[in-house]
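Visitor: I am new to this structure. Please take one part and go through it closely.

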Amino acid sequence: MCFPGNTQRECVRAVSRDALPELLRAWRIDAGNKMNRGRQLPQKEVARRMGVSERWYRNLETGARVPLSMEILERLSRALLLGPDERMALHGHALGGAGGRQPGEQEPRDATEELAALTSARIGFPSYLTDQAWNVLDHNAAMARWFPWVREPDANLMRWALTTNAAREQIVDWPRHAAQYLALLRFALVTRPDDPGLGALRDAVLADRACRDLWDRDPKVLAYRHGHRYELRLPHVRREPIKVTSQVLLPAYRQELRYVLLLPTEDPPDRS
């Protein structure tokens, strides 16, 4: 995130660092707003509210490696008045991934293959499967009809949604939805800071000026878009805009994979 007074070089360097310090600084601003302070909470006050030394908290916010027990995470969450998505981001960072699988732990067999078979099933609604960096691993025929780009090599949902002119034409109220996609990306970065695929995706997305402006303006995190409603302009499918709800399913032991269904709905889109 770029704060007033930062140079362009400092902003670029900030994006390349671990995402957690950036979020902690933004959350101190949000906490101050929630408490009607008119300014961010000082590091000293956050440390006092947590019951730790100011030096300990300062080290955390500057990216130093500090122990993060479950108790400390809870105290930090309370001190900064964090919501559920922010709490998930903190715990995912401490566990080395939102799914919570420990390093070296054996992955369940055939999880990707089983989900791919489900994705390819003949159902009337678009469905697709992505990995933790939103690379499209599989999709069904309805998804390809709605979004032909999924057939392309190295198709990536996040890169398409955030950087292509087609997405900005097809997604009604694109800036609002782009901000939510960026919040998803920020959540992934803080929970998987060493993932090279996510780092490359971040760099590609933030090279786009509109995305970079949204990124700097609203440093939110969002775990999932389950149940999210939006409108699509797809004249090759239907003349009128199509209202859909996204349903996100996660395998219990492979939560970096996402199986998504797009279900048409006649309800008005959520404008909150």
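Guide: What follows is a look at salt bridges, with a helix as the starting point. The model is predicted, so local features need pLDDT of at least 70 and side-chain atom pairs count only at pLDDT 80 or more, while totals for chains, interfaces and linings use all residues. Residues are numbered from 1 along each chain as its sequence is written, and side-chain values use heavy atoms, with hydrogens and water left out.

A salt bridge here is a side-chain nitrogen of Lys or Arg within 4 Å of a carboxyl oxygen of Asp or Glu. The structure holds 16 of them. Helices are DSSP runs of H or I with at least four residues, numbered from the N terminus. Helix α5 spans residues 70-79 and contains both glutamate 71 and arginine 75, four residues apart, about one turn of the helix. These two form a salt bridge, with the closest N and O atoms 3.2 Å apart. Glutamate 71 is exposed at 55% relative accessible area, whereas arginine 75 is buried at 19%; buried means under 20%, exposed over 50%, and partly exposed in between, with a 1.4 Å probe and protein chains only.

Also in helix α5, arginine 78 and glutamate 74 are four residues apart, about one helical turn. Their salt bridge has its closest N and O atoms 3.5 Å apart. Arginine 78 is partly exposed, with a relative accessible area of 45%, and glutamate 74 is partly exposed too, at 28%.

For another salt bridge, turn to aspartate 208 and arginine 168, whose side chains meet at 2.9 Å, N to O. Aspartate 208 lies in the loop between α12 (196-206) and α13 (209-217) and arginine 168 in helix α10 (residues 165-170), so the pair ties together parts 40 residues apart in sequence.

Terms used
Helix = DSSP H or I, 4+ residues; strand = E, 2+ residues; numbered from the N terminus.
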